[in-house]
Amino acid sequence: MALTGKLVSQIDIKSDGDVFHEIFRERPHHISGMSPDHIQNCDLHEGDWGKVGSVIYWDYTHELIFMIRLKIERTDGEKKVAKEIIEAIDEEQKSVTFKVIEGDLMKVYKTFKLRVHVDTNGEDNLVTWTLEYEKLHEDVPDPHTLMDFCLKVTKDIETHHLPP
Ligand SMILES: CC[C@@H](C)C[C@@H](CC)C(C)C
């Protein structure tokens with residue numbers, strides 16, 4: 001059973017791909033205003049916004065959905081924190097890579113990276129989320145609920161930028 005894993009999900013957004021990339025690159029602290037149910041806060045702890053090596057700190061709410069005896073259980077959102085280093089920014093590729101260094105994810109994963117990438121083709125803006133991780137032990141689940149979380153935040157950011 002491999003302890004390392006990788007999840008990739010893609011989602012089309014109708015809002016501007018350059019703006020979407022710029023939010024994750026330069027102003028992740030604006031996301032809480034667009035997706036308040038999921039992201040409550042994002043502070044800059046070290047460095048400058050939009051710079052590789054800067055350290056940001058997220059307060060987020062992540063519901064856990066799990067099955068008990070074939071019944072879907074849904075916890076209300078649990079308050080979670082994540083401290084991340086901006087590991088890479090690729091302006092050409094319009095991608096940003098976040099490496100989690102502290103917080104709830106580090107209780108069950110040895111390493112955890114999130115990469116958000118936007119491909120713009122004409123009107124189409126394809127967002128690709130890549131989650132790469134190493135579990136601390138083998139009964140740690142693959143982070144499907146966190147991937148759903150990233151996709152929900154993506155849709156909230158899209159909605160925020162679409163005409164009312
Ligand atoms: C670690 C879970 C959240 C805080 C990740 C954020 C992107 C790196 C969120 C805005 C999807």
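This report walks through some salt bridges and one helix packing in the structure shown above.

## The model and its salt bridges

Before we start, please keep in mind that this is a predicted model. Welcome to its charged side chains: the structure holds 11 salt bridges. A few of them are introduced here, together with how exposed their partners are.

Let us begin with Arg-27 and Glu-22. These two form a salt bridge in which the closest N and O atoms are 2.9 Å apart. Arg-27 has a relative accessibility of 18%, so it counts as buried, the cut-off being under 20%. Glu-22, at 24%, is partly exposed.

## Lys-135 and Asp-142

Another pair to look for is Lys-135 with Asp-142, whose side chains meet in a salt bridge at 3.1 Å from N to O. Lys-135 is buried, and its relative accessible area is 3%. Its partner Asp-142 is partly exposed, with a value of 32%.

## A pair within helix α3

Helix α3 covers residues 144-161, and it carries both Glu-158 and Lys-155. The two residues are 3 apart, which is about one turn of the helix. Their side chains meet in a salt bridge, with 3.8 Å between N and O.

Glu-158 is buried, at a relative accessible area of 7%, whereas Lys-155 is partly exposed at 41%. Elsewhere, Arg-25, Glu-26 and Glu-91 are joined into one network by salt bridges that share partners.

## How α1 and α3 pack

Helix α3 also takes part in a packing with helix α1, which spans residues 17-26. The axes of the two helices lie 11 Å apart, and the angle between them is about 120°. Angles of 65 to 115 degrees count as roughly perpendicular and those over 145 as roughly antiparallel; α1 and α3 fall in neither range and are therefore oblique to each other. Their crossing is right-handed.

Which residues make the contact? From α1 come Val-19, Phe-20, Ile-23 and Phe-24. From α3 come Thr-154, Ile-157 and His-161. Sorted by character, the residues of this contact are 5 nonpolar and 2 polar, with no charged ones. If you have the structure open, these residues are a handy guide to where α1 and α3 meet.

Technical notes
Residues numbered from 1 in each chain as written. Predicted model: local features only at pLDDT ≥ 70, side-chain atom pairs only at ≥ 80, totals over all residues. Heavy atoms only, no water. Salt bridge = Lys/Arg side-chain N within 4 Å of Asp/Glu carboxyl O. Buried < 20%, exposed > 50% of the residue type's maximum accessible area, 1.4 Å probe, protein only. Helix = DSSP H or I, 4+ residues; strand = E, 2+ residues; numbered from the N terminus. Axes fitted to C-alpha atoms, helices over the stretch in contact; angles between N-to-C directions. Parallel < 35°, antiparallel > 145°, perpendicular 65-115°, else oblique. Left-handed = near helix turned anticlockwise from the far one by under 90°. Contact = heavy atoms within 4.5 Å. Nonpolar A, V, L, I, M, F, W, Y, C, P; charged D, E, K, R; others polar.
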